[in-house]
Amino acid sequence: MKPIASSALRAITTAVLTAALGTAVAAKPDFPTLDLPQAASGQKAIEMLGERLPAVARWYGKTADEFAAILLRDDTARIDRRGRLHYVDTHTVELAGTADGSTAAQASAFPLDQTFLLHSRPGAQRTIYLDFDGHTATNTAWNDSYGIASIDSPPYDIDGLPFSFSQTELERIQGIWQRVAEDYAPFDVDVTTEAPPADVLVRSSNSDLVFGTRVVITQDFVPGGCGCGGFAYLGVFDMTSEYYKPAYVFYNRLGSGNEKYVAEAVSHEAGHNVGLNHDGTATSGYYTGHGSGETGWAPIMGVGYYQSLVQWSKGEYPGANNQEDDYVVMQSNMLPLRATIMATPLRPRRR
């Protein structure tokens, strides 16, 4: 049997996915091979991409002008030496507290010994793994960018004992998971705190429909500090390479591990992985929302720390600089919507 050409394989895979997801999934073009002299942002990044800008923009589903506009308006948008776009989210929160003024986690919804067995949608083909108990990364873009051979990320820790989890820490982890799971509830994806087998996260080929991403909740590891609440590469959820994963959230830059702040950052960084750019205005890279109280609103891809109601967006607020429909973009990065809304509550998977 003759081997199938890569273009034909992509076409077949696209047809299969369109049938499976119930919506058109355009195969991404090949990303141009680049070896830029340095990472860059803004006008410098545009100049360095030069005549390759349209090809890079096309991979991200943008025109050259649209992609250049993102780089110019958002100083958190960076390209690395391979031309890949990532966001270094500089909005941090030094003081604890949530939109309703509370600082403590809610009482746990599940037994504490189930904290690292939580699943929002067991059996889903897509997974977002919230990694709270430490992670070691090697041979990733982050290792190369920061010149660190092994990034050894410590666990989530608010009491100075990083390799044991107190009741408060377990309650906060459950609360963070619940918030993130609620954000992603419209999608056919399992948000979990249980470490999955490698083949559940890694996409082995274009025909592999079981894959996901990892969000590591840890401390800032960048030499000298990144001054950010987290960072993530854009549109890498469905890639067959793990080089541009995981996404990172730095709890020590977010109200010392405050439940709401960390949860908002996790949903935001995972959102970058599934293709979402920032929601801002003409004067701010991040929109912090409007209103107050229970109906105070902000977009997930803006800043959700200060509002109670935080949702996916398509720029439906005054002065929005990004009219992307988050639901459409996420589906185009192979995060499918659920066929039906779950009737049972979020639950842990019991052994």
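**Reading Thr218 and the nonpolar cores**

Guide: The side chain of Thr218 comes to 2.7 Å from the backbone oxygen of Pro154, a polar contact, that is, a pair of N or O atoms within 3.5 Å in which, within protein, one must be able to donate a hydrogen and the other to accept it, residues adjacent in sequence counting only if both atoms are side-chain atoms. This is a predicted model, in which local features need pLDDT of at least 70 and side-chain atom pairs count only at pLDDT 80 or more, while totals for chains, interfaces and linings use all residues. Residues are numbered from 1 along each chain as its sequence is written, and side-chain values use heavy atoms, with hydrogens and water left out.

Visitor: Is Thr218 buried or exposed?

Guide: Buried means under 20% relative accessible area, exposed over 50%, and partly exposed in between, with a 1.4 Å probe and protein chains only. Thr218 has a relative accessible area of 0%, so this residue is buried.

Visitor: With which residues is Thr218 in contact, leaving aside neighbours within four places in sequence?

Guide: Contact means heavy atoms within 4.5 Å. Thr218 is in contact with Ser153, Pro154, Tyr248, Val249, Phe250, Tyr251 and Asn252, once those neighbours are left aside.

Visitor: Which residues touch the most other members of the largest nonpolar core?

Guide: A nonpolar core is a set of buried Ala, Val, Leu, Ile, Met, Phe, Trp, Tyr and Cys residues joined through side-chain atoms within 4.5 Å. In the largest, which has 45 residues, they are Leu130, Tyr184 and Ile217. Beyond four places in sequence, Leu130 touches residues including Trp177, Val215 and Ile217. A second, separate core has 40 residues, among them Trp59 and Met239.
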